[in-house]
Amino acid sequence: MMEVKVINKRALVLVSDDSESRRLGSQELLQALRTEIDRCGLANEVDLNTIVDVGAKNLLPLVIIYPEAVVYGPVHPADAGRIVKEHLSQGRVIEEMIVPKHQLTGRIAWLAARSGALPAAQRIVLERAGRIDPESIEDYIIYDGYQALTKALTQMTPAQVIEELTISGLQGRGGAGFPTGKKWEIVASTSGSKKYVICNADESEPGTYKDRVILESDPHSIVEAMALAAYAIGADEGFIYIRGEYQLAQQRFQKAIEQAQALGLLGEHILGTDFSFHLHIHSGAGAYVCGEETALIESIEGKRGEPRSRPPYPTTHGLWGCPTLVNNVETLANVPPILRRSGEWYKKFGTPSSPGTKVYTIFGNVNLTGVFEVPMGITLREAISIYAKGMKNGAAFKLAQTGGSSGSLIPASLQDTPLDFAATRKAGVSLGSGALLIADENTCVVDLVKVLLNFFRFESCGKCTPCRIGTQRSYEILTRITQGQAELDALDELLKLADQMVRLSNCGLGQTAAVPIRDMLKHFRTEVEAHIQLGVCPTGVCPMRVEAPAAEEMQPLASA
Amino acid sequence: MITLKIDGKTVEVPENTTVLRAAEAAGITIPTLCDHPDLTPYGGCRLCVVEVKGYRLPMASCALPVSQDMEVITENPALAEARRGILELLLSDYYDQGYEDGLGGSNELLHWAEHYHIDLEQAMAKQPRYRVDSDPNPFVWVDMNKCILCTRCIRACADVQGRFVWSLAARGAHTQVVAGAGTTMLDARCESCGACVAYCPTGALNNKMSLHLGAADRKVTTTCTYCGVGCQLELNVKDDKVIRVTSNSDAAVNGMRLCVKGRYGYDFIHHPDRLTQPQVRKYLLDGTPRPPGRGEWVTVDWDTALDLTAAKLSACRDIYGSNSLGILCSAKCLNEENYLFNKFARQVIGTNNIDHCARL
């Protein structure tokens, strides 16, 4: 009979293992922890791994335990039993062994700022997901729904609403991390008799489906948030641009709009005040680029989805030339909880530079794929071990791509970077929409990047030269590499194309399409060169010969 | 008014001017392809990028509005390298089958490529992607292998002519300019005005009738004889033959606009059947009865022809009455001439039977 292995990883233990730690007994400590974990039968529940270059020399060897993000040190091998028994088995943090936060320096200094509570208690965006009937406004209201709107309309001025958001430090969750309060303030302060609120629910980044989960499980939270946004900036009309494939989300959102209208929470004179707000659904039609806010606006206007030249920005010249606020679904979902409680409350979660929680989508070569919400600032290693329950088939981690197709490739050496906006920016990677593609050692990086560029050459809108032709030429070069047909100067050509795409493209699509190419050559150059110089794909994925070319239709439509 | 600095020069321009137009006002040329002063800014080709203080990346000057105290650099080694890169990318999708296109061996794309010392032979596409001459329109030649997707044709058709024939289809590397929803130009309501040809910077759209006739040796500016609007046009002349008609932005009345007759209806000029002198039927001169088939034509001078016509018209009026005659005048006449026709009908002939070919 086949043995079914139950994998239920719930904790990640990292032991510092650089030369200094080894001198002080980290190997013995590791061995002792391993023995204790096995002895307590926790091998399926606890991941044990090493971390190097942690700084804090007087604390070595140290042990970091996630998800609580507790740091113990210095830890003697004799303490292993206690750590496993008390902390890992019984769930009690050993207070007297904890390193005081002010002593954390260097690479792990950020842990001092992290809130350590368990993730289950920290759902903000997905607070009601799975707990209420998404098609029932009564359920939503019972669980504090429309309280924030009532409070704002009856007790707060628009300026106070924006002020509260600014205090909270909420940043846009669509990828760029722009401060939400600031964006609202810009639109609010732009003069104009007509303004619009748009919710970007196009969510076309491959592998990302957090917005879908929010819309399908709690549509009223977005209705409420959009009404709040409209009140704050002085708009009376809003659009939600929902990806065409999200039929269920569209149906539920439509129902939510109708229910809210029936109760006077949408429409004219909401809650008997002077504030009126009308909300419409616009369905996307399958173009990746329409997730870009100006292409999305063009699309709502009934035009071809091509990004506009900026400046001017949508905050001043948006939908039909009017000042327009465009926010991502997840960003908006954070708004009602902040206003219901307070900005200060929100700041307690996450890291000081990126407060709040983040909904990540994890997929790829891991045991458990899906959506999870945790405070900002978990590390990639933690996400894989605890939330994705480890790598599939025990294979070694090779790289991750954050933020969908346009995100950075993160090599193993950057696994311990906290996934918040500031830290990722500092490490030269992007957090993006929070999609985490995890690839194991059997993945060929050239093949992966080729697949990504294939996606971009189809999804570029075709407006600007560097993106339209640059993605195509890059794809052709990558294909040649996987066929063993490229010379070493192809890499210079790739870098030149990447540089042109980054510097000269009209919008983020072309600019970020080059990111995987650059990261590949930065972190995995040896592997790419092996394809060219040795004629071998180290992982055996690439064919390394010319296969029958796929027939490509390029005939003009007019010649029929 | 907004004051800004372009290449160190202080320039003052009205609000909402683009950086490109401001540079032009200061006498500075920025290379462009998708831009045309008549058309809505697009910002697609990226050839016109400039460096602007405060912006991290180069900006497309054709689509960037000026702002107070802006500081712009229009050319430096980095920008030249960027433009070379853009031109190389465009050329890598530009295939020339080698036929005579009548444009004198150059066009806007090739001009800038030569300006930046690009090896055309090496940079150009080696394989066609589309069928050459892919549209049956009798006047407009379509060769999408030369299309750089600047969309000037699309904007010319929409902004200038208001016909909306051209549009973009598909996405990414497969993006292409199509008529209607991928049909022929005529099926997409094309009036064959040739505005798209006039604005095309590469010869992807060209004049079918002039294609193999080579380059003109002179241009003669004249006024169209088809109607009273008085559009200015340029007769492109080679060996004393009109081989092509082009329009020009400076024309006071019409700018780049022409209609199908003005741009393509010039075949009468050298036609063997064209009348250049008055002719009358021989039997009328002889005063003999009308023979079967009305007999042969005789070339005469104007006085003879006009006297004969006047005598016949008077006779009709006198014998059968004024209303036996009707006058049909022409859009090819000026307003003044049409006014005189009106006077002639009502006062000389004495009838209200007067009409005009352009009355719809």
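Tutor: A residue is exposed if 12 or fewer other C-beta atoms lie within 10 Å of its own, and buried if 20 or more do. Keep in mind that this is a predicted model.

Student: Which residues of H3(B) are called exposed, and where do they sit?

Tutor: His111(B) and Glu114(B) are exposed. They sit on the face of H3(B) turned away from its buried side.

Student: Which residues of helix H3 of chain B are called buried?

Tutor: Leu109(B), Leu110(B), Trp112(B) and Ala113(B) are buried, in a helix that spans residues 108-115. By the cut-off, each has 20 or more other C-beta atoms within 10 Å of its own.

Student: How do you know that the buried residues line one face of the helix?

Tutor: Look down the axis of H3(B): the buried residues fall within an arc of 165°, so they line one face.

Student: What do the buried residues of H3(B) pack against?

Tutor: They pack against helix H2 (77-92) and helix H4 (120-123) of chain B.

Student: What follows H3(B)?

Tutor: His117(B) does, and its phi is positive, near 55°.

Student: What makes two residues of chains A and B count as in contact?

Tutor: Their C-beta atoms must lie within 7 Å. On that basis 30 residues of chain A are in contact with 36 residues of chain B.

Student: Which helices of chain A each supply at least two residues of the side that touches chain B?

Tutor: H17 (445-459), H18 (465-482) and H19 (489-504) of chain A do. H18(A) gives the largest share, 8 residues. By class, this side of chain A has 12 nonpolar, 11 polar and 7 charged residues.

Conventions. Residues are numbered from 1 along each chain as its sequence is written. Chains are lettered from A and ligands numbered from 1 in the order in which they are written. This is a predicted model: local features need pLDDT of at least 70, side-chain atom pairs count only at pLDDT 80 or more; totals for chains, interfaces and linings use all residues. Helices (H or I, at least four residues) and strands (E, at least two) are DSSP runs, numbered from the N terminus. The arc is that of the directions from the helix axis to the C-beta atoms. Ala, Val, Leu, Ile, Met, Phe, Trp, Tyr, Cys and Pro count as nonpolar, Asp, Glu, Lys and Arg as charged, and the others, Gly among them, as polar.
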